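Student: Before I plan anything at the bench, could we go through this model together, one question at a time?
Tutor: Gladly; here it is.

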Amino acid sequence: METTAVLQRDPAAPGGPALRIGVLGPLDVRLDGESRTPTAPQVRRVLAVLLLRAGRPVPLAALIEELWEIDPPRLARKTVQTYVYQLRRALARRPVPAHGPAPVPHSSDRLETRTNGYLLRLRPEEVDLWDFERRIGLARVDLDAGNAREAAGALRAALALWRGDAFADVPAGPELASRISRIEATRISALEMRVQADLQLGLHGSLLDELRRLTAEHPLNERFAADLVLAAHRSGQRATALDAFTRLRRNLVRELGIEPSDWVRKLQQEVLSADPRLGAPTPAHLLVPGRPARDPATATPAALPRLTQLPPDTPDFIGRRRELDRLLALAAPEEEPERRAAPRIVTVLGGIGTGKSVLAVRAAHLLSGRFPDGQLYARLHSDRETPISPTLILRSFLRDLHLDSVPTSDGDPAGWAEDELARRFRDHTAGRALLLLLEDAASARQILPLLPGGSRSTVITTSRVRLPGLPGAAHLTLGPMSTEDGAALFAAAAGPAAWPPGDHPAARGIVRLMGHVPLGIRAMGETLAARPMWSTADFAERLANERQRRVELRSGTWDVLARVEQSCARLPHPAGRALTVLSRSAPGAFVVRDAAQLLGVATSTAEQLLGTLLDHHAVELSGRIPTGTREMSVPSFRIPELIRLALTGDPDADPEPRSPTTPGRPAAYATIRAGTEAGLPDPLPPLGRPA
């Protein structure tokens with residue numbers, strides 16, 4: 001789990017107020033033993049967000065989004081300021097009168113006002129969540145050193161801090177809900193480690209009832225089920241052990257359609273054959289203090305388990321034959337591994353909806369037989385379009401490989417802890433032939449710590465942004481689909497509704513209206529399949545109207561335009577604002593000078609913005625346009641159709657008026673300048689004649 005942001009000492013002098021904040025259960029704020037817990041739900045929400053980002057400025061916009069998501073009230077800013085004032089009163093050494101000018105003393109003011117935001121300062125010992133994480137870190141070190149007794153004690157103390165669900169009485173917005181989920185996952189991980197420590201201490205008999213309860217509460221958790229199998233076997237209850245495996249398999253097949261992992265199936269076979277290596281270790285009461293307990297069943301094995309984590313392949317994979325052949329040629333280990341000193345890296349690049357993941361998954365399945373040591377998979381963006389820390393991915397990989405007893409820094413793990421995890425991962429994967437599929441990478445910085453050791457492995461990663469900084473990487477860029485492949489994909493998605501077959505002119509017209517992007521093509525095919533009263537020609541005629549096309553792209557479970565908008569939200573602010581203006585003002589091809597005039601910026605600035613948009617596949621080259629000057633032609637650009645539809649307003653609305661104070665320049669320029677009014681950095685120059 002990500003450790004909380006860098007913590008700084010409270011500005012109060014030594015001997016200041018004894019503050020304790022409990023979040024592992026209902027929110028509980030105590031100052032000098034007196035309860036200061038806010039009663040208003042929204043105030044508790046603000047405190048939760050500030051606490052989870054303690055030591056870092058929290059933008060006001062982030063608080064507004066957490067409180068109201070997409071529909072904030074008109075006075076949202078002032079309302080948040082009121083909530084923060086109430087928090088200041090709660091955290092002050094002496095309560096501030098509700099009326100009157102009495103200020104909060106600076107020495108006890110833990111909430112600092114920053115430019116367009118706030119910063120909360122807390123000590124590490126003042127929050128039970130950080131105490132919990134610290135104890136888990138110590139336990140991991142003890143487990144790694146074989147000190148099961150100390151690890152079990154630290155884990156019991158950590159788990160005893162829980163009073164219920166984390167932030168139990170705090171209404172969860174998007175950010176808080178995501179963090180609560182990760183905190184709960186860390187609690188489960190701590191519980192798994194404590195059971196492992198108890199097994200190493202020979203406490204299998206006393207674990208049986210607890211493990212029966214845990215497997216009932218977490219029916220898909222392979223670790224709890226395997227521990228029950230082992231504890232029951234050691235207690236002489238082989239029938240209970242085998243029944244635990246049977247129930248796990250039934251649950252996994254019914255709920256997820258998958259079989260138990262190889263290491264769990266291997267444990268079942270060892271139970272069936274009464275493998276002597278499953279024998280119990282020395283009971284805890286016979287252990288010599290200070291001497292590590294050795295457990296052959298839970299010690300790190302010489303051979304790592306073979307994992308097969310690839311997502312399911314797409315049954316109706318259509319088109320992209322040339323790109324698939326190229327990807328297989330780049331990723332397949334044709335030459336001798338000894339000629340390389342590092343794993344092979346292949347990146348699949350392209351804009352939103354171009355089918356990068358579908359292509360990469362198909363290639364990974366075709367190549368899986370060449371990697372006998374298994375395949376690992378990770379998605380590198382969360383559902384809220386934020387990059388996932390490499391630390392979290394590495395911990396997941398190491399846990400899946402049974403190497404999760406890793407050291408954790410007592411201080412800030414954001415520095416050396418990630419390096420330590422990456423070193424451990426490289427060490428244990430060196431010499432093995434692994435295939436890693438990393439989906440939706442944000443940068444090379446996110447990928448580099450995840451590279452396995454040795455030269456026998458291959459890493460395939462997809463991304464919507466260009467990835468400089470990956471040494472020796474081969475790149476494959478996906479553009480729009482061909483009309484023929486797009487028509488075939490549309491026909492396959494529409495099924496019997498696509499009649500005549502996919503080569504019908506109406507199907508090809510729908511492909512063109514979708515900008516030849518597979519995401520839109522498949523979505524429209526499935527829409528037609530759900531509308532038996534329409535023919536392909538009827539549907540094409542409906543989509544020819546831009547307003548109706550936008551309605552269909554937002555309908556159903558796909559909501560294609562919402563996914564496109566989320567993708568565009570990743571863009572840096574200046575480039576994102578520029579893309580919105582260009583989408584609304586340049587429906588066809590345009591050149592750099594056109595962009596400069598539409599944005600009201602210098603030509604050099606327009607080139608920089610277009611370069612950023614090209615890096616993110618948010619604009620595409622459209623050929624060259626003759627100039628009739630000494631420079632015979634210049635490159636032209638075009639906004640991809642789905643992005644244009646997502647960012648353009650109502651096509652039937654009146655066009656934007658031109659600003660009376662800036663002749664020849666659209667009022668859309670205000671969109672670019674809006675960032676300054678909101679307190680955002682704006683690198684664009686003031687209004688003036690473009691260069």
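**Reading the model**

Tutor: Let us start with one residue, D28, which is partly exposed, with a relative accessible area of 24%. Please keep in mind throughout that this is a predicted model.

Student: Which side chain makes a polar contact with the side chain of D28?
Tutor: D28 lies in strand β2, which covers residues 28-31, and, leaving aside residues up to four places away in sequence, D28 touches R20, I21, G22, T37 and R163. The polar contact of the D28 side chain, at 3.2 Å, is with the side chain of R30.

Student: How far apart in space are D28 and D169, C-alpha to C-alpha?
Tutor: In sequence, D28 and D169 are separated by 141 residues. In space, their C-alpha atoms are separated by 9.8 Å.

Student: Is T461 buried or exposed?
Tutor: T461 is found in strand β11, residues 458-463. The cut-off for a buried residue is a relative accessible area under 20%. Because T461 has a relative accessibility of 0%, T461 counts as buried.

Student: Which residue offers the backbone oxygen that the side chain of T461 reaches?
Tutor: Not counting residues up to four places away in sequence, T461 touches V346, T347, V348, L438, A441, I447 and L467. One of these contacts involves the T461 side chain and a backbone oxygen at 3.0 Å, and the residue that carries this oxygen is L438.

Student: In which sense do β7 and β9 pair, parallel or antiparallel?
Tutor: Strand β7 covers residues 307-308 and strand β9 residues 374-379, with 2 bridges between them. Within this pair, T308 stands opposite Q375 of β9. The sense of the pairing between β7 and β9 is parallel.

Student: Which residue in β10 is the bridge partner of Y377?
Tutor: Strand β9 is also joined to strand β10, residues 435-441, by 5 bridges, and these two strands run parallel. In β10, the residue that partners Y377 is L437.

Student: What span is expected for helix α12 at 1.5 Å a residue?
Tutor: Helix α12 runs over residues 356-367 and so has 12 residues, because the run is counted from its first residue to its last. From its first C-alpha to its last it reaches 16 Å, which is close to the expected span of 16 Å.

Student: Which elements cover the buried residues of α12?
Tutor: The buried residues of α12 are K356, L359, A360, V361, R362, A363, A364 and L367. Their cover includes α11 (321-331), β8 (344-349), β10, β11 and β12 (474-477).

Student: What share of the contacts in the protein with a separation of 6 or more comes from residues 24 or more positions apart?
Tutor: The protein has 691 residues, of which 51% are buried, and its secondary structure comes to 26 helices and 14 strands. Among the contacts with a separation of 6 or more, the share from residues 24 or more positions apart is 69%.

Student: Where in the protein is confidence lowest, and where is it highest?
Tutor: The average pLDDT of the protein is 78, and 79% of the residues score at least 70. Over residues 98-108 and likewise over residues 651-691, pLDDT stays under 50. Where pLDDT is low, the predicted coordinates should not be read in detail. Confidence is lowest in helix α26 (residues 669-677), at a mean of 38, and highest, at 95, in β11.

Terms used
Residues numbered from 1 in each chain as written. Predicted model: local features only at pLDDT ≥ 70, side-chain atom pairs only at ≥ 80, totals over all residues. Heavy atoms only, no water. Pairing = 2+ DSSP bridges. Helix = DSSP H or I, 4+ residues; strand = E, 2+ residues; numbered from the N terminus. Buried < 20%, exposed > 50% of the residue type's maximum accessible area, 1.4 Å probe, protein only. Polar contact = N/O pair within 3.5 Å; in protein donor to acceptor, adjacent residues only side chain to side chain. Contact = heavy atoms within 4.5 Å. pLDDT = per-residue confidence, 0-100. Expected span 1.5 Å × (residues − 1).
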